Amino acid sequence: MIYDRITLPVNEIPKFWLNILPSLPEPLPDPIPKIGEKPCREKVLKMFESSWTKEALWQEYAPVARVRVPDEVLEYYIRVGRPTPLYRARRLEEYLRTPARIYFKREDTLPTGSFKLNTIIPQIYYAKKEGFEFIVSSTGAGQTGSAVAAVARAMGFKAKIFMVRSKYKSAPLRGTFMKLCGAEFTPSPSPETEIGRKYYSVNPEHPGDLEICAKEAAEWAQKSKFKTYVVKGSFFNFVVLHQTIIGLEVKKQLEIIDETPDVLIGCVGAGSNFLGLTLPFVHDVIKGKENYKFIAVRSDVCAPEINGEYRYDLLAPDTEGPLYKMYTLGVTTEVPPIIAEGLRHHFSSPILSYLVNKKIVKVVAYKEKEALKAGALVTGLENFIPAAESSYAIKAAIDEALKAKETGEEKVIVANISGNGFLDLAGYAQVLKLEK
Ligand SMILES: Cc1ncc(COP(=O)(O)O)c(C=O)c1O
């Protein structure tokens, strides 16, 4: 009997997150607090003091190789379905007639729809422990917002969520999910903040984007009469740290079936699910123990590692700082809307940027239609619907499997399925013209 679904017993769940920073060949470049100033991480962390937890401020540059996952967080992880299964996509392999073995890490099985719970649970747990009274979040595709709405409610918080309007229009049920959990929900740009009004007053149907949305959330938190925690969905080192639970589980799961990966693949918005899968393996490559290939997958409309530059830049326009050393298309670049809203950033996280610059990670980009076609193929063959974002990783996995077919190699390919696409169906239908 061959089992294609590799599970880990709950007591085998990793008890520590992996911090890659001390293992990097050199320190990650420090951020710059404000335009014209010198890099200084302490000053930047000071700017975040009122809206971040002390734990997050420490974790952002933790000087230790591993950070213990609190027991309450472990319990919550298990309650929502961690460890998630590793799944062999045997029907896809047969369809492609490839000698490669394709494994999918199934973060889509988590109940709010994606891997975002891995960081939202600890973030809100620390916020509660440190006396915060209210949770605010921005969300693009709605995956962060869904996780925030659910966890905030379960931990006894009221939450306010701003969601990019264009994405809300293509996936309105994400808003319904957040409201169902009791969150206050607002499409962005909104008339509720100064920054939102700048766009809303000119065009109440303004499509919005993640940067405007994040600025609305930050302004709302700053003006709130409650001590308000602003959730971070990606980009920051401490968020990446939490996501390493993905790769740490995969390592154990591959050991169970005695497999060694050749290629590890994930889609990229700012980088946290890709890094979550790959960093435990990147660690072994840096230490000279292994030689894996890592492929970060972008949308062709925003691939800063391919079309941009590695330099200091801002995260959002009309701000003075902080600035991070990262691959960027330029902060004022307008990226057209795509169904996979979660991949639409002009920058990539400092850790990912560093690894790409050092040529440890390779980056590829795909057009929307070819990615969603790959997602549709998997829906039929493997019977789960990948999030639009995850379909980009699937497309790269298929291309690697087809290369293995040409060379006859029995390659082992592992791709992260960052989320499920039940609420992306309208997007699939629109791009693949399924109504006709
Ligand atoms: C399903 C899904 N996958 C991937 C991403 C990309 O984020 P990151 O690059 O941080 O993994 C997002 C972001 O919203 C998402 O919702």
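Strands here are DSSP runs of type E with at least two residues, numbered from the N terminus. With that in hand, we can start at one of them and work through the rest of this predicted model.

**A residue in a strand**

T186 is found in strand β8, which covers residues 184–188. Is T186 buried or exposed? Its relative accessible area is 6%, and buried means under 20%, so T186 counts as buried. Its side chain makes a polar contact of 2.9 Å with the side chain of K160. If you set aside the neighbours within four places in sequence, T186 is in contact with K160, I161, F162, M163 and E192.

**The chain as a whole**

Stepping back, the chain has 17 helices and 15 strands. Its radius of gyration is 20 Å, close to the 22 Å that the globule rule gives for 436 residues, so the chain is as compact as a globular protein of that length. Taken along the principal axes, the C-alpha atoms fill a box of roughly 60 × 55 × 40 Å.

How much of the chain counts as buried? The figure is 61% of the 436 residues. As for the outside, the chain exposes about 17,500 Å², and carbon and sulfur atoms supply 53% of that area. Contacts often reach across the sequence: among those between residues at least 6 apart, 75% join residues at least 24 apart.

**The ligand and its surroundings**

Now for the ligand. It is surrounded by 15 residues, and the closest are S234, G269, G271, S272 and S418. By class, this shell has 5 nonpolar, 8 polar and 2 charged residues.

Three of the pairings between ligand and protein are set out here.

| Ligand atom | Protein partner | Distance |
|---|---|---|
| oxygen | polar backbone atom of G269 | 2.6 Å |
| oxygen | N or O atom in the side chain of S272 | 2.7 Å |
| nitrogen | polar side-chain atom of S418 | 2.7 Å |

How much of the ligand does the protein bury? Taken alone, the ligand exposes 390 Å², and 96% of that is buried by the protein.

**A covered helix**

Helix α14 runs over residues 350–357, and it is mostly covered, with 7 of its 8 residues buried. Those buried residues are P350, I351, L352, S353, Y354, L355 and V356. What lies over them? The cover includes helices α11 (237–256), α12 (272–286) and α13 (304–307), along with strands β12 (309–314), β13 (323–328) and β14 (361–366).

After α14 comes K359, a residue in the loop between α14 and β14. Its phi is near 65 degrees, a positive value in a residue other than glycine. In contrast to the buried part of the helix, K359 counts as exposed, at 74% relative accessibility.

D258 is another case of a positive phi, about 60 degrees, in a residue that is not a glycine. You'll find D258 in the loop between α11 and β10 (263–267). At 69% relative accessibility, D258 counts as exposed.

**A charged residue under cover**

E400 sits in helix α16, which spans residues 388–407. Glutamate is in the charged class, yet E400 has a relative accessibility of 2% and counts as buried. What does E400 touch, leaving out residues up to four places away in sequence? Its contacts are V263, I265, K293, I295, K411 and I413.

**Prolines in loops**

A few prolines are worth a look too. R82 and P83 are joined by a cis peptide bond, with omega about -10 degrees. P83 lies in the loop between α3 (71–79) and β4 (86–88). The peptide bond from G321 to P322 is also cis, its omega near -5 degrees, and P322 is found in the loop between β12 and β13.

Where is P204? It is in the loop between α9 (194–200) and α10 (210–223). With a relative accessible area of 40%, P204 is partly exposed. Its C-alpha atom is separated by 37 Å from that of I351, and the two residues are 147 apart along the chain. I351, for its part, is one of the buried residues of α14.

Note on methods. Residues are numbered from 1 along each chain as its sequence is written. This is a predicted model: local features need pLDDT of at least 70, side-chain atom pairs count only at pLDDT 80 or more; totals for chains, interfaces and linings use all residues. Side-chain values use heavy atoms; hydrogens and water are left out. A residue is near a molecule or strand if one of its heavy atoms lies within 4 Å of it. A polar contact is a pair of N or O atoms within 3.5 Å; within protein, one must be able to donate a hydrogen and the other to accept it, and residues adjacent in sequence count only if both atoms are side-chain atoms. Accessible areas come from the Shrake-Rupley method with a 1.4 Å probe; for residues, only the protein chains shown count as cover. Helices (H or I, at least four residues) and strands (E, at least two) are DSSP runs, numbered from the N terminus. The radius of gyration is taken over C-alpha atoms; the globule rule is 2.2 Å times the number of residues to the power 0.38. Buried means under 20% relative accessible area, exposed over 50%, partly exposed in between (1.4 Å probe, protein chains only). Contact means heavy atoms within 4.5 Å.
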